[in-house]
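Colleague: Hey, got a few minutes to walk me through this one? I'd like to start with what the words mean.

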Amino acid sequence: MKLSVPQFWRVKENQYKLIITVCGECGRKTMFKRPVCPHCGSSKVEYVESTGVGVLESFTKVYYKTNSSEDRLPELVGVIRLSEGVRVIGEIVGVREDELREDVKVEAVLRRYLSDDPYGVIYYGIKFKPVLTH
Ligand SMILES: [Zn+2]
């Protein structure tokens, strides 16, 4: 779903940062900002920003066109286990499919999502890029 400019401004913190909810009751961590812990129901939660560094657990190639796909199909999409222990799904950029391997270290990067908005707005969001070690 495409967001209007006012809608985007309301949710932009979640577009530009990887926020983790930490429960003050059970101590478990959950991806994204949540008012209530999904594990125990407590509203005693705190928010911390992820370092954005993690390990790619698995990935696949997606051919389905979404609003954010633009002309980039197929996209590489992966499950990333962040250093804080929570998992997040994100697009993998900056690497060819034949170069990509599971268990590589990845880091969050800010990249363009959409640019064909009728208002001329360019939307950015978080994607993941392998950290090259060679
Ligand atoms: Zn909890």
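Modeller: Sure, one term first: a residue is called exposed if 12 or fewer other C-beta atoms lie within 10 Å of its own, and buried if 20 or more do. Keep in mind that this is a predicted model.

Colleague: Okay, then is S83 buried or exposed?

Modeller: S83 is exposed, because it has 12 other C-beta atoms within 10 Å.

Colleague: And where is S83 found?

Modeller: S83 is in the loop between β5 and β6 (87-92).

Colleague: What does S83 touch, not counting residues up to four places away in sequence?

Modeller: T51, V53 and G54. S83 and T51 are 32 residues apart along the chain, and their C-alpha atoms are separated by 7.4 Å.

Colleague: Back to that hairpin of β5 and β6. Which residue there takes a positive phi?

Modeller: G85, with a phi near 100°; the hairpin has four residues between the strands. The pairing of β5 and β6 is antiparallel, over six bridges, and G78 stands opposite G90 in β6.

Colleague: What about β4 and β5, how many bridges there?

Modeller: Eight, again in the antiparallel sense. K61 has L76 in β5 as its bridge partner.

Colleague: Which residues of β5 are on its covered face?

Modeller: L76, G78, I80 and L82 are on the covered face, while E75, V77, V79 and R81 are on the uncovered one. In a regular strand, side chains alternate between the two faces of the sheet.

Colleague: New topic: which residues make up the largest nonpolar core?

Modeller: That core has 10 residues: L18, L56, F59, L76, I80, L82, I92, V106, A108 and F128. At least two of its residues come from each of β4 (53-62), β5 (75-82) and β7 (105-114). The largest share, three residues, is from β5.

Colleague: Pick I80, then. What is I80 in contact with?

Modeller: Leaving aside neighbours within four places in sequence, the contacts of I80 include L56, V88, V106 and F128.

Colleague: Last thing: in what order do the three strands of the open sheet come?

Modeller: β2-β1-β3, with antiparallel pairing.

Colleague: Why is one side of β2 and of β3 left without a neighbour in the sheet?

Modeller: Because β2 (29-31) and β3 (45-49) stand at the edges, each with a single partner strand. Neighbouring strands in this sheet are turned by 30° against each other on average, direction ignored.

Colleague: How many bridges join β1 to β2?

Modeller: Two join β1 (residues 19-23) to β2, and V22 stands opposite K29 in β2.

Definitions and conventions:
Residues are numbered from 1 along each chain as its sequence is written. This is a predicted model: local features need pLDDT of at least 70, side-chain atom pairs count only at pLDDT 80 or more; totals for chains, interfaces and linings use all residues. A nonpolar core is a set of buried Ala, Val, Leu, Ile, Met, Phe, Trp, Tyr and Cys residues joined through C-beta atoms within 7 Å. Two residues are in contact if their C-beta atoms, placed from the backbone, lie within 7 Å. Two strands pair if DSSP finds at least two bridges between them. Axes are lines fitted to C-alpha atoms, for helices over the stretch in contact, and angles run from 0 to 180 degrees between N-to-C directions.
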